[in-house]
Amino acid sequence: MCNYPIPSDTDLAYIAGIIDGEGCITIIRRNITPARPDMRSPSYGLRLTVNMCDREPVLFLQECFPAPVTVQSRPSEVNRSPRYRWYTSGLKATHILHSILPYLKGKRDQAEIGLDFMRFKKSLRVQPRNSHPASVMERFESYRQAIMALHGRPGRGRPRQPVEPPNVT
């Protein structure tokens, strides 16, 4: 699944701490756009992101699990530190979450939903042009909503209480 060595247990625990504190585990939805008229329905995917002002932990993540790192700065806010962003998605995110799951505390529920989502997605027969039946699309959306509810930040239109993740059979 990956072509890089698995980090040590100590490093995996450290990475889990970074993701618990500064990470985001989410299921993204890409809607149909005029630029993608070939798509018949939205596409869904697992994404794992870390945003930090401290560069070293982000570069450590990149060293352990190679993925893009971007630097974001706001020229209008001169007293702000640049933010470093590491992100990955799909099977690579799945591999990382499997590796750190025993060490996650705060984002364990989100990771489990994301992994269940990927197991479900992998079990499906590939559909041309993302044309899954409505029942599959509803299940994808229920996974996304379950993770969003666990994010539960007031003021962002999301409920404060987590909703039950979909029943995976």
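## Leu-104 and the loop between H3 and H4

In this predicted model, Leu-104 touches Ala-16, Ile-19, Asp-20 and Ala-111, when residues up to four places away in sequence are not counted. Leu-104 itself lies in the loop between H3 and H4, and despite that loop position it is buried, with a relative accessible area of 2%. Gly-17 is 87 residues away from Leu-104 in sequence, yet the two C-alpha atoms are 7.0 Å apart in space.

## The H3 and H4 pair

The two helices that flank this loop are H3, which covers residues 90-100, and H4, which covers residues 108-123. Their axes come within 10 Å and cross at roughly 135°; angles over 145 degrees would count as roughly antiparallel, and those from 65 to 115 as roughly perpendicular, so H3 and H4 are oblique to each other. The crossing of H3 and H4 is left-handed.

On the H3 side, the residues that meet H4 are Gly-90, Leu-91, Thr-94, Leu-97 and His-98, while H4 contributes Ala-111, Leu-115, Met-118 and Arg-119. Ala-111 is also one of the residues touched by Leu-104, and Ala-111 therefore appears both in the contacts of the loop residue and in those between the helices.

Thr-94, which is found in helix H3, counts as buried at 8% relative accessibility. Leaving out residues up to four places away in sequence, Thr-94 touches Leu-46, Leu-115 and Met-118. Leu-115 and Met-118 are among the H4 residues that meet H3, whereas Leu-46 falls within the range of strand E2, residues 43-52.

## Strand E2 and its partners

Strand E2 is mostly covered, eight of its 10 residues being buried. With strand E1 (residues 23-30), E2 pairs in the antiparallel sense over eight bridges, and in this pairing Gly-45 of E2 is the bridge partner of Ile-28. With strand E4 (residues 83-89), E2 again pairs in the antiparallel sense, here over six bridges, and Thr-49 stands opposite Tyr-87 in E4.

Val-50 is a residue of strand E2 and is buried, with a relative accessible area of 0%. Not counting residues up to four places away in sequence, Val-50 touches Ile-18, Ile-19, Glu-22, Gly-23, Leu-61, Tyr-84, Arg-85 and Trp-86. Of these contacts, Gly-23 falls within the range of E1, and Tyr-84, Arg-85 and Trp-86 fall within the range of E4. Ile-19 is touched by Val-50 and is also touched by Leu-104. Val-69 is 19 residues from Val-50 in sequence, and their C-alpha atoms are 9.4 Å apart in space.

## Salt bridges

Side chains of opposite charge can pair when their charged atoms come close. A search of the whole structure finds four salt bridges, among them one between Arg-29 and Glu-141, whose closest N and O atoms are 2.9 Å apart. Arg-29 lies in strand E1 and Glu-141 in helix H5 (residues 134-151), so this pair ties together parts that are 112 residues apart in sequence. The two partners differ in their exposure class: Arg-29 is partly exposed, with a relative accessible area of 35%, whereas Glu-141 counts as buried at 16% relative accessibility.

Glu-141 also forms a salt bridge with Arg-144, again with 2.9 Å between the closest N and O atoms. Because Glu-141 and Arg-144 are three residues apart in helix H5, they are separated by about one helical turn. Arg-144 is buried, with a relative accessible area of 12%. Arg-29, Glu-141 and Arg-144 are joined into one network by salt bridges that share partners.

Another salt bridge brings together the side chains of Glu-112 and Arg-108, at 3.2 Å from N to O. Both residues lie in helix H4, four residues apart, which corresponds to about one turn of the helix. Glu-112 counts as partly exposed at 32% relative accessibility, and Arg-108 counts as partly exposed at 30%.

Methods:
Residues are numbered from 1 along each chain as its sequence is written. This is a predicted model: local features need pLDDT of at least 70, side-chain atom pairs count only at pLDDT 80 or more; totals for chains, interfaces and linings use all residues. Side-chain values use heavy atoms; hydrogens and water are left out. Buried means under 20% relative accessible area, exposed over 50%, partly exposed in between (1.4 Å probe, protein chains only). Two strands pair if DSSP finds at least two bridges between them. Axes are lines fitted to C-alpha atoms, for helices over the stretch in contact, and angles run from 0 to 180 degrees between N-to-C directions. Angles under 35 degrees count as roughly parallel, over 145 as roughly antiparallel, 65 to 115 as roughly perpendicular and the rest as oblique. A crossing is left-handed if the near helix is turned anticlockwise from the far one by less than a right angle, and right-handed if clockwise. Contact means heavy atoms within 4.5 Å.
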